[in-house]
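Subject: Structure for your review

Dear colleague,

Please find the structure below, together with its sequence. A summary of the findings follows.

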Amino acid sequence: DQRIREGHHVRGVTGGALQLVILDEPINGLDIEGMVEMRGIIKKLAEQEKSTFFISSHLVHDMELTCNRVAVIYEGRIVKVEDVSKILENYSSLENFFISEVDKDE
């Protein structure tokens, strides 16, 4: 159902605009078309509804394509929080950034 995919169902339940949406591995297991669609929905809601998304994911490349700010969480602690654009000025990928930050922490 289109309404559910675009978050209208959740908005109807909460009675207003979504301020904070927490997603656990929202792209994991989707085919390519589903991943692209899910990234689009997240970006659309973030921009149009001014929603904040807290996304937990091991699919670092997808987070690079979806998020504008990321946090590295390692062994239950937030190691670093940074804008994706700033990270990509210094690293070739979020994966390399993650490895660098985790290595510093050990």
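How much area does the chain expose, and what share of it do carbon and sulfur atoms supply? The exposed area is about 7,300 Å², and 52% of it comes from carbon and sulfur atoms; accessible areas follow the Shrake-Rupley method with a 1.4 Å probe, and for residues only the protein chains shown count as cover.

Please note that this is a predicted model, in which local features need pLDDT of at least 70 and side-chain atom pairs count only at pLDDT 80 or more, while totals for chains, interfaces and linings use all residues. Residues are numbered from 1 along each chain as its sequence is written, and side-chain values use heavy atoms, with hydrogens and water left out.

Confidence
The mean pLDDT (the predictor's confidence in each residue, from 0 to 100) of the chain is 82, and 81% of its residues reach 70 or more. Among the elements, helix α1 (residues 2–5) has the lowest mean, 44, and α5 the highest, 95. Over residues 1–14 the pLDDT is below 50. Where pLDDT is low, the predicted coordinates should not be read in detail.

Fold
The chain has six helices and four strands, in the order α-α-β-α-β-α-β-β-α-α from the N terminus. These are DSSP runs numbered from the N terminus: helices are H or I with at least four residues, strands E with at least two. Of the 106 residues, 31% are buried (under 20% relative accessible area; exposed is over 50%, partly exposed in between; 1.4 Å probe, protein chains only).

Core
The largest nonpolar core (buried Ala, Val, Leu, Ile, Met, Phe, Trp, Tyr and Cys residues joined through side-chain atoms within 4.5 Å) holds 18 residues; among those touching the most other members are Phe-53, Ile-55 and Ile-87. At least two core residues come from each of α3, β2 (52–56), β3 (69–74), α5 (84–90) and α6 (94–105). Helix α3 gives the largest share, four residues. Beyond neighbours within four places in sequence, Phe-53 is in contact (heavy atoms within 4.5 Å) with Val-21, Leu-23, Ile-42, Leu-45 and Ala-46.

Arg-39
Arg-39 lies in helix α3 (residues 32–48) and is buried, at 14% relative accessible area. Outside its neighbours within four places in sequence, Arg-39 contacts Ile-27, Asp-62, Leu-65 and Thr-66.

Aromatic pair
There is one aromatic pair (ring centres of Phe, Tyr or Trp, with its six-membered ring, within 6.5 Å; planes under 30 degrees apart are stacked, over 60 edge-to-face, the rest tilted). Tyr-91 and Phe-97 meet edge-to-face, 5.4 Å centre to centre with 70° between the planes. Tyr-91 is partly exposed at 24%, whereas Phe-97 is buried at 4%.

Yours sincerely
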